[in-house]
Amino acid sequence: DLASDLQWLCEEYLDYHVIVDLAHMENFGSVGYKSLLSLRELTEECDYRFVLCGLSPHLKKQLKCVHLADEFDTFDTREDAIAELSAGCEVLP
């Protein structure tokens with residue numbers, strides 16, 4: 001489930017940006033919102049970005065209803081998110 005997966009990520013040492021693909025997610029619960037916010041704060045503390053992608057219109061509406069729509073960077077697809085976050089990365093030979 002999303003909340004336990006996000007909690008696991010929060011406890012791990014972060015060494016890169018975090019992309020959460022919500023393409024197969026139907027609804028958020030209060031624990032999901034709290035986990036998303038906690039993980040976003042952790043990534044920002046480590047100077048990385050936390051982004052969401054694949055949000056359905058329903059999930060976008062949910063984020064707006066709980067006043068969190070402006071709290072997250074969002075992308076339509078995982079590929080778009082990866083392209084954005086990879087743009088500033090150094091490619092090693």
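In this predicted model, Arg40 touches Phe50, Glu71 and Phe72, once residues up to four places away in sequence are set aside. Arg40 has its place in helix α2. Charged or not, Arg40 is tucked away: its relative accessible area is 11%, and since anything under 20% counts as buried, Arg40 is buried. The charged end of Arg40 sits over the ring of Phe72, 5.8 Å from the ring centre.

Phe72 brings in the next piece of the picture, an aromatic pair with Phe50. The ring centres of Phe50 and Phe72 are 5.9 Å apart and the planes meet at 55°, so the pair is tilted. The cut-off matters here, because planes have to be over 60 degrees apart to count as edge-to-face. In sequence terms, the pair ties together distant parts of the chain: Phe50 belongs to strand β2, while Phe72 is in the loop between α3 (57-65) and β3, 22 residues apart. Both partners are buried, with relative accessibility at 4% for Phe50 and 5% for Phe72. Arg40 touches both of these rings' residues, Phe50 and Phe72.

The structure holds two aromatic pairs. Besides Phe50 and Phe72, there is a pair made by Phe28 and Tyr33, with 5.0 Å centre to centre and 45° between the planes, which makes it tilted as well. Phe28 is buried at a relative accessible area of 9%, and Tyr33 is buried at 13%.

Now for the sheet. Three strands line up in the order β1-β2-β3 to give an open sheet, and the pairing is parallel. At the edges are β1 (18-21) and β3 (73-75), each of which pairs on one side only. From one strand to the next, the twist averages 30°. Strand β2, covering residues 50-53, pairs with β3 in the parallel sense over three bridges. Across this pairing, Cys53 stands opposite Phe75 of β3. Strand pairing of this kind in a sheet, parallel or antiparallel, goes through backbone hydrogen bonds.

Helix α2 links the sheet back to the arginine. This helix, residues 30-45, lies across β1 and β2 and runs at about 135° to β2. Arg40 is part of α2, and its contact Phe50 is in strand β2. Put together, the helix that lies across β1 and β2 carries the arginine whose charged end sits over the Phe72 ring, and that ring is in turn paired with Phe50.

Technical notes. Residues numbered from 1 in each chain as written. Predicted model: local features only at pLDDT ≥ 70, side-chain atom pairs only at ≥ 80, totals over all residues. Heavy atoms only, no water. Pairing = 2+ DSSP bridges. Helix = DSSP H or I, 4+ residues; strand = E, 2+ residues; numbered from the N terminus. Axes fitted to C-alpha atoms, helices over the stretch in contact; angles between N-to-C directions. Contact = heavy atoms within 4.5 Å. Phe/Tyr/Trp six-rings, centres within 6.5 Å; stacked < 30°, edge-to-face > 60°. Buried < 20%, exposed > 50% of the residue type's maximum accessible area, 1.4 Å probe, protein only. Lys NZ or Arg CZ within 6 Å of the ring centre and 35° of its normal.
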